[in-house]
Amino acid sequence: MTQTLTNCFELSGVGLHNGTITKVRVLPALPGQGRYFVRIDLPEQPTIPAKLEAVTQTLLSTQLGENNGGVRTVEHLLAALTAMGVRDARIEIDGSEVPLLDGSARVWVEAILQAGLVEEGSRGAGEQGGRGAESYNSPNPQSAVPSPLSVYQGDAFVCAMPAPELRFTYGIDFDLPAIGNQWYSWCPSQESFADAIAPARTFGLAHQVEELRAKGLIKGGTLENALVCDRSGWLNPPLRFANEPVRHKILDLVGDLSLLGNIPIAHYFAYKASHNLHIQLAKLLQAQGLGTRD
């Protein structure tokens, strides 16, 4: 079921990569407008659609729009909106990066539920919010994948396979005992996004922190908004799930695929993939005429 927000909501926090505080205000949008960002801090207040065509960078996050007027690290917010069924939303932001918050999508989901959801076309009649919105916690696909599609780089890959219902299966493999080899398979019809995927936080490796910061990345990353691991284990336990890292990769994948507009019905299967591979697969799906809305 396609929904929009009943009311607007605001959240603020530090950006993972630029380390600056930004505020996001998410408002209802008219049917057909889609999800889109507005840089209200800039004189022209440019609008950046949450579409594949707007992707300009995929290094450790997904960026929409050019550097001087774009928005970075959009995937967690977009995953939350998409999984909760919000297909149309105006997202006002006063900076260049979406706040990381606690590193997951849980706070975004909670804010969406508190704002309330209403079926598009029925505003003012039968509005639903709070717990009632929980029944709309899966992506809203428009079409089904008819044949396998895949992209790969080395031993990393992501593919979409024909399936009767939407499913996401992900695998990761790290040479650190605390992470190791992890797999998780999530089906929206069987587990809610809010419970199974949204709470999973972003994670990083301690030995890479200084190198990444020297490159101008993860300036806003802390032990309060990201899980960090070294050879001795997690520096900031406890984990929310035993396999929290791989669940977070599913969160990223949902956010990246949301740039199609709708996520086509398929079994999405990924291993050691990246934002770049996610976006490449989404472009393949789009080239097949899949995912776009009427």
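**Exercise 1. In which loop does Pro-238 lie?**

Work on the predicted model above, and start by finding the two elements on either side of the residue.

*Step 1.* Look for strand S17 (233-234) and then for helix H5 (244-257); Pro-238 lies in the loop between them.

*Step 2.* Now check the backbone there. The peptide bond from Pro-237 to Pro-238 is cis, and its omega is near 5 degrees.

*Step 3.* Put that in context: most peptide bonds are trans.

**Exercise 2. Find a residue other than glycine with a positive phi, and say where it sits.**

*Step 1.* Try Gln-45: its phi is near 45 degrees, which is a positive value.

*Step 2.* Place it on the chain. Gln-45 belongs to the loop that runs between strand S4 (35-39) and strand S5 (47-49).

*Step 3.* Is that worth a second glance? Most residues other than glycine have a negative phi.

**Exercise 3. Describe the hairpin made by S2 and S3.**

*Step 1.* Get the pairing sense. Strand S2 (residues 9-14) runs antiparallel to strand S3 (residues 21-28), and six bridges link the two.

*Step 2.* Pick out one bridge: Phe-9 is partnered by Val-26 in S3.

*Step 3.* Go to the turn. Six residues lie between the two strands, and Gly-19 in this turn has a positive phi of about 70 degrees.

**Exercise 4. Work out the strand order of the open sheet with three strands, and explain what happens at its edges.**

*Step 1.* Write down the order, S6-S7-S8, with antiparallel pairing.

*Step 2.* Look at the edges. Strand S6 (55-57) and strand S8 (71-72) each have a single partner strand, so one side of each has no neighbour in the sheet.

*Step 3.* Zoom in on one pair. S6 and strand S7 (residues 63-64) are joined in the antiparallel sense by two bridges, and Gln-57 has Gln-63 in S7 as its bridge partner.

**Exercise 5. Describe how domain 1 and domain 2 meet.**

*Step 1.* Mark the bounds: domain 1 covers 3-119 and domain 2 covers 142-288. Their C-alpha centres are 19 Å apart.

*Step 2.* Count the residues that touch. Domain 1 has 35 residues in contact with 35 residues of domain 2.

*Step 3.* Turn to area. The size of an interface is often given as the accessible area lost when the parts come together. Here the two domains bury about 2700 Å² between them, with 65% of it on carbon and sulfur atoms.

*Step 4.* Look for charge pairs. There is one salt bridge between the domains; the side chains of Arg-240 and Asp-102 form a salt bridge at 2.9 Å, N to O.

*Step 5.* Add the polar contacts: 20 residue pairs across the interface.

*Step 6.* Ask who supplies domain 1's side. Helix H1 (75-83) and helix H2 (106-115) each give at least two residues, and H1 gives the most, with seven. By type, this side of domain 1 splits into 16 nonpolar, 11 polar and eight charged residues.

Definitions and conventions:
Residues are numbered from 1 along each chain as its sequence is written. This is a predicted model: local features need pLDDT of at least 70, side-chain atom pairs count only at pLDDT 80 or more; totals for chains, interfaces and linings use all residues. Side-chain values use heavy atoms; hydrogens and water are left out. Two strands pair if DSSP finds at least two bridges between them. Helices (H or I, at least four residues) and strands (E, at least two) are DSSP runs, numbered from the N terminus. Domain bounds come from an automatic or database domain assignment. Contact means heavy atoms within 4.5 Å. Buried area is the accessible area (1.4 Å probe) that two parts lose on being put together, summed over both. A salt bridge is a side-chain nitrogen of Lys or Arg within 4 Å of a carboxyl oxygen of Asp or Glu. A polar contact is a pair of N or O atoms within 3.5 Å; within protein, one must be able to donate a hydrogen and the other to accept it, and residues adjacent in sequence count only if both atoms are side-chain atoms. Ala, Val, Leu, Ile, Met, Phe, Trp, Tyr, Cys and Pro count as nonpolar, Asp, Glu, Lys and Arg as charged, and the others, Gly among them, as polar.
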